[in-house]
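I am keeping these notes while I look through a structure for the first time, and I try to write down what I looked up and what came out of each look.

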Amino acid sequence: MSTLPIEIKGSNFTLSVIYLYTSELRVIRQALLKKIEQAPNFLKNAPIVINISKLNNDINWKELWKLIKEIGLHLVGISGCRINKQKQSIIQTGLPLLNEVKINEIIELDIFKKNIIEKSRVINKPVRSGQQIYARNSDLIVINSVSAGAELIADGNIHVYGIMRGRALAGVSGDVKCHIFCMNLYAELVSIAGRYWLSDQISSNYIGQAVKLSLLENILTIQHLHYSTTI
């Protein structure tokens, strides 16, 4: 046991990133409330990051921060800031500025991991609401059901052979070649290398179906799984 009063260690957390395309607080509020209504289990009391890389004009940062608190979200910081005037305004407000690591940079760092052989992490028991399972440097295979409010995270692929009702985040270290395989899809959220869909963004044609999700030219795509048995 450490004799120090505190320790600082690196860790991994799942954060939703909200991309702003307008500085109108009324419009932002309405859009956020709509998203929370669509996915309350995912966004209720959730920590978030706001990305302003597409926002060319300034915004009332204090009022934005107040708005975020009022609707029940927790603002961790601002990312994507590229205009000096914006940076100064954010710093004066007291909000943290975050630097995002680009996917290409993550992939280059992963070169040093290529010689590390990791077995897939296999979960045989049901994954209950509130549970979070992370497969570091490997695939995650769940041979059971995943409840709403549960979260699967993997640096590699994710396979779910039961009913998938929770959240599945594959390729969280930036591997855009990862896949998500579900035999019975009812997910609250699916994500590959940061590209994600909430449940309302998944076509009804794929709900309850066996599917494969992947990235095609950095765009999240979905297709039915077709398989046959040969005797």
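The entries below go from the whole chain to single residues.

**Entry 1: the whole chain.** I began by reminding myself that this is a predicted model. I then looked up the overall make-up of the chain, and I found five helices and 15 strands. Of its 231 residues, 38% count as buried. I also looked at how far apart in sequence the contacting residues lie, taking the contacts with a separation of 6 or more, and residues 24 or more positions apart account for 40% of these.

**Entry 2: a parallel sheet.** In which order do the four strands of the open sheet stand? I read the order as β1-β2-β3-β4, and the pairing is parallel. I noted for myself that strands of a sheet pair through backbone hydrogen bonds, either parallel or antiparallel. The edges are taken by β1, residues 16-19, and β4, residues 97-98; each has a single partner strand, so one side of each is left without a neighbour in the sheet. I then followed β3, residues 74-79, to its partner β4, and two bridges join this parallel pair. When I looked for the partner of S79 in β4, I found L98.

**Entry 3: the helix on the sheet.** Next I looked up what packs on this sheet, and I found helix α3, residues 61-70, which touches β2 (47-51) and β3. The direction of α3 makes about 145 degrees with that of β3. Which residues of α3 are buried? I listed W61, L64, L67 and I68. These residues lie on the same side of α3, because they cover an arc of only 115 degrees around the axis. On the face turned away from that buried side I found the exposed residues K62 and K69.

I also checked the surroundings of the helix ends. N60 caps the N-terminal end of α3, with a side-chain oxygen 3.4 Å from the backbone nitrogen of K62. Just after α3 comes G72, which takes a positive phi of about 95 degrees.

**Entry 4: a residue in β2.** I went back to the strand β2 to look at N51, which has its place there. Is N51 buried or exposed? I wrote down buried, because its relative accessibility is 2% and the cut-off for buried is under 20%. The side chain of N51 makes a polar contact with the side chain of S53, at 2.6 Å.

**Entry 5: antiparallel strands.** Further along the chain I looked at β11, residues 180-185, and β14, residues 211-216, which pair in the antiparallel sense over three bridges. In this pair, I180 stands opposite L213 of β14. I then followed β14 to β15, residues 219-224, and here the antiparallel pairing runs over six bridges. L216 stands opposite I219 in β15. The hairpin of β14 and β15 has two residues between the strands, and E217 takes a positive phi near 55 degrees in this hairpin.

**Entry 6: cysteines.** How many disulfides does a search of the whole structure find? The search gave zero. I looked up two cysteines for their accessibility all the same: C81 is buried, with a relative accessible area of 15%, and C178 also counts as buried, at 3% relative accessibility.

Notes:
Residues numbered from 1 in each chain as written. Predicted model: local features only at pLDDT ≥ 70, side-chain atom pairs only at ≥ 80, totals over all residues. Heavy atoms only, no water. Pairing = 2+ DSSP bridges. Contact = heavy atoms within 4.5 Å. Axes fitted to C-alpha atoms, helices over the stretch in contact; angles between N-to-C directions. Disulfide = S-S within 2.5 Å. Buried < 20%, exposed > 50% of the residue type's maximum accessible area, 1.4 Å probe, protein only. Arc of directions from axis to C-beta. Polar contact = N/O pair within 3.5 Å; in protein donor to acceptor, adjacent residues only side chain to side chain.
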